[in-house]
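Welcome! Let's take a walk through this protein together, starting with its overall build and then moving from the inside to the surface.

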Amino acid sequence: MIKIKVVNSGHQQLPAYATPQSAGMDLRANLSEPITLHPMERRLIPTGLHIALPEGYEAQVRPRSGLALKHGLTVLNTPGTIDADYRGEIGVVLINLSQEDFVVNDGERIAQMVIARCEQGDLISVDVLDETERGEGGYGHTGVK
């Protein structure tokens, strides 16, 4: 388990894993008053958290399945990436895809954060790529099985 430094400028508890095998930690809304998300409205919801990830890691912000299924609420830019050199507050871009208003309350679990190792690539310009069975087949090209 890697160590991640965190500054909690808000008033919520720190994210934690719900079970020993959980992949993500719940992020909570850090609000002074509730925010109503109308149908198709999107808002940046603050968490009050600032983190310092080790080099070679990212934090991914993902939707919570219960909010998505029960209320049509999701993270708009999923997965949102928090880079290792970012030190600003973690915000979650929520969108209400339902037909009804949704009220985000202070302390509500609004997303989950997954810590992942990531590699950087070194792009090398070439004139031709190697041949593969798929070739240039695009979306849906491999069919349905």
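The protein chain, shown here as a predicted model, has 1 helix and 11 strands. Reading from the N terminus, the elements run β-β-β-β-β-β-α-β-β-β-β-β.

How much room does the chain take up? Its C-alpha atoms fill a box of roughly 55 × 40 × 30 Å along the principal axes. The radius of gyration is 19 Å, while a compact globule of 145 residues would have one near 15 Å. Among contacts between residues at least 6 apart in sequence, 70% join residues at least 24 apart.

Now let's look inside. Buried residues make up 32% of the 145 residues in the protein chain. The largest nonpolar core has 25 residues, and those with the most contacts inside it are Leu27, Ile45, Val92, Leu94, Val104, Ile110 and Met113. Several strands give two or more residues to this core, including E2 (25-28), E6 (57-62) and E9 (91-96). The largest share, 3 residues, comes from E11. In soluble globular proteins, nonpolar side chains tend to be buried together.

Leu27 is a good place to pause. Leaving aside residues up to four places away in sequence, Leu27 touches a list of residues that includes Pro15, Leu49, Val61, Val92, Ile110 and Met113.

Finally, come out to the surface. The protein chain exposes about 10,300 Å², with carbon and sulfur atoms supplying 50% of that area. Ile124, Val126 and Leu129 make a nonpolar surface patch of about 350 Å². Leu129 lies in the segment after E11. Is Leu129 buried or exposed? Leu129 counts as exposed because its relative accessibility is 65%, and exposed means over 50%.

How values were computed:
Residues numbered from 1 in each chain as written. Predicted model: local features only at pLDDT ≥ 70, side-chain atom pairs only at ≥ 80, totals over all residues. Heavy atoms only, no water. Core = buried A, V, L, I, M, F, W, Y, C linked by side-chain atoms within 4.5 Å. Buried < 20%, exposed > 50% of the residue type's maximum accessible area, 1.4 Å probe, protein only. Helix = DSSP H or I, 4+ residues; strand = E, 2+ residues; numbered from the N terminus. Contact = heavy atoms within 4.5 Å. Patch = residues over 30% accessible without salt bridge, like charges linked within 9 Å, V, L, I, M, F, W, Y side chains within 5 Å. Areas by Shrake-Rupley, 256 points an atom, 1.4 Å probe, with all protein chains shown as cover. Salt bridge = Lys/Arg side-chain N within 4 Å of Asp/Glu carboxyl O. Rg over C-alpha atoms; globule rule 2.2 N^0.38 Å.
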